[in-house]
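Biologist: Please take a close look at the charged contacts in this protein, and then follow them outward to whatever surrounds them. I am in my first year, so a careful, connected account would help me.

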Amino acid sequence: MTHIPPLDLTQQYKIIGEEINTKVQEVLASGRYIGGSIVDDFEQQFANYINVPHCVSCNSGTDALFLALRAVNIGLGDEVITTPFTFFATAEVISAVGATPIFIDIDPQTFNLDIQQLEAAITEKTKAILPVHLFGQPVDMTRLMAIARQYNLIVIEDCAQATGAEWQNQKVGTFGDIGCFSFFPTKNLGAFGDGGALTTNNPAIATQVRILKNHGQSAKYFYEHIGINSRLDTIQAAILQVKLRYLDIWNQQRRDSADIYHKFLSGITAVVPPQELPGGKCVWNQYTIMLKSQDLEATAKSHFSSSLRDWVRIQLQNKGIGSAIYYPTPLHLQPVYKSLAYRQLPIVEQICHQVLSLPMFPELSQSQQEQVIFALKDCLQQL
């Protein structure tokens, strides 16, 4: 048995390394390391891929979210409805602009925010909805946008883990007022460092974001706003140009791997595989299962003083299988939000103790997946 990591970026580089090296050398030789035609070209190519007229690149997915909120004037006294089951940056930026994140519980089938609870969370202070297409699984944007229009709310899509995902044959990042993307190396379209982008159909928003990301500067040395410095490095733009050409192939490989997991995990009663909503096209940034069995949970705690999920993770590690927990603590229970005294959200609070992400990357082979599944079955049989 060989070691299988939860993510292996080295395999991808072996395939496209020569193209990447050539592009990087061209940038180094050019002497143009910030901005320029390479960054402009990538923005246009990414806009074409997502199928929007405007793309603005920036330093990270976190900056993309922050700039989006600033561009639509969300700030002190405003409320933004979002999910508690995501990376901290989603809520962090809401707080950073002076607004308040309002968390609603999640759908246990998709791990995305529960749209049925959306209307009940809307108040006179609500200014926006910030849905997250978690793990590459698109939110039901048809229902969400209908509610947003009814209440005249701004929609900012967090597409950090879902580049290329679709809802009703339309790519995420095109439904709301703004789509926010991350090019962190672990993402479906990952740079060799930090990077991000915003997409929009609104030219005024695109213009405002370009001003805010450049120190609030609308013309050289003329400042209309307090902005930030948030640029996508030229080297990263060149790398992303290469990788964008392969993205659909890699996403399909992820979908093929997900199908194999679905097939071999379906008969294991303690395992609840993730589900893809009808009408959605998931790109599986993570493949996250739930370990759910009262009998096995009790056995694990009585013999090993740990939850079923935590025990299985340790046993998989002992067998050379890497896994990850996204996310161990929901955002409304994080220490930084203790003073806000959020109400209990029972679904996400339970799921955080049950989720486990199995190895998932485009180059994952079927034999490796079979090894993962064999090891998982063996762990559960021990209990």
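Modeller: Before we start on the contacts, one term is needed: a residue is called buried when its relative accessible area is under 20%, exposed when it is over 50%, and partly exposed in between. Please also keep in mind that this is a predicted model. The mean pLDDT of the protein is 96, and 100% of its residues reach 70 or more, although the elements are not all alike, since helix α9 (residues 294-304) has the lowest mean pLDDT among them, at 85, while strand β5 (residues 154-158) has the highest, at 99.

The structure as a whole holds eight salt bridges, and I will go through some of them slowly. In one of them Glu19 is joined to Arg245, and the closest N and O atoms are 2.6 Å apart. Because Glu19 belongs to helix α1 (residues 10-30) and Arg245 to the loop between α7 (234-244) and α8 (247-265), this pair ties together parts of the chain that are 226 residues apart in sequence. With a relative accessibility of 28%, Glu19 falls into the partly exposed class, because the value is neither under 20% nor over 50%. Its partner Arg245 has 52% relative accessibility and therefore counts as exposed.

A second salt bridge connects Glu43 with Arg210, the closest N and O atoms here being 3.1 Å apart. Glu43 is part of helix α2 and Arg210 is part of helix α6 (residues 203-212), so the contact ties together parts that are 167 residues apart in sequence. The relative accessibility of Glu43 is 7%, so this residue counts as buried, whereas Arg210, at 38%, is partly exposed.

In another salt bridge, Asp310 meets Arg309, with 2.7 Å between the closest N and O atoms. Asp310 is partly exposed, at 30% relative accessibility, while Arg309 is buried, with a relative accessible area of only 4%, which is under the 20% limit.

A charge can also meet a ring instead of an opposite charge. The charged end of Lys171 sits over the ring of Tyr49, at 4.6 Å from the ring's centre.

From that ring we can pass to pairs of rings, of which the count comes to 19. Such a pair is described by the distance of the centres and the angle of the planes. Phe46 and Phe183 make an edge-to-face pair, with 5.4 Å from centre to centre and 90° between the planes. Phe46 lies in helix α2 (residues 37-50) and Phe183 in the loop between β8 (178-182) and β9 (196-200), so that this pair links parts of the chain 137 residues apart. Both Phe46 and Phe183 are buried. Phe85 and Phe111 also pair edge-to-face, at 5.9 Å centre to centre and with 65° between the planes. Here Phe85 is found in the loop between β2 (79-82) and α4 (89-96), and Phe111 in the loop between β3 (100-103) and β4 (126-130), so the pair ties together parts that are 26 residues apart in sequence. Phe85 and Phe111 are both buried, and together with Phe135, Tyr326 and Tyr327 they form one aromatic cluster.

Two members of that cluster lead on to the backbone, since the peptide bond from Tyr326 to Tyr327 is cis, with omega near 10°. Tyr327 is placed in the loop between α10 (308-318) and α11 (346-351). For comparison, most peptide bonds are trans, and most residues other than glycine have a negative phi. Asn51 is not a glycine and yet has a positive phi of about 75°. This residue lies in the loop between α2 and β1 (54-58), and at 63% relative accessibility Asn51 counts as exposed. His215, which is not a glycine either, has a positive phi of about 65°. The loop that holds His215 runs between α6 and β10 (217-219), and His215 is partly exposed, at 39% relative accessibility.

Key: Residues numbered from 1 in each chain as written. Predicted model: local features only at pLDDT ≥ 70, side-chain atom pairs only at ≥ 80, totals over all residues. Heavy atoms only, no water. pLDDT = per-residue confidence, 0-100. Helix = DSSP H or I, 4+ residues; strand = E, 2+ residues; numbered from the N terminus. Phe/Tyr/Trp six-rings, centres within 6.5 Å; stacked < 30°, edge-to-face > 60°. Buried < 20%, exposed > 50% of the residue type's maximum accessible area, 1.4 Å probe, protein only. Lys NZ or Arg CZ within 6 Å of the ring centre and 35° of its normal. Salt bridge = Lys/Arg side-chain N within 4 Å of Asp/Glu carboxyl O.
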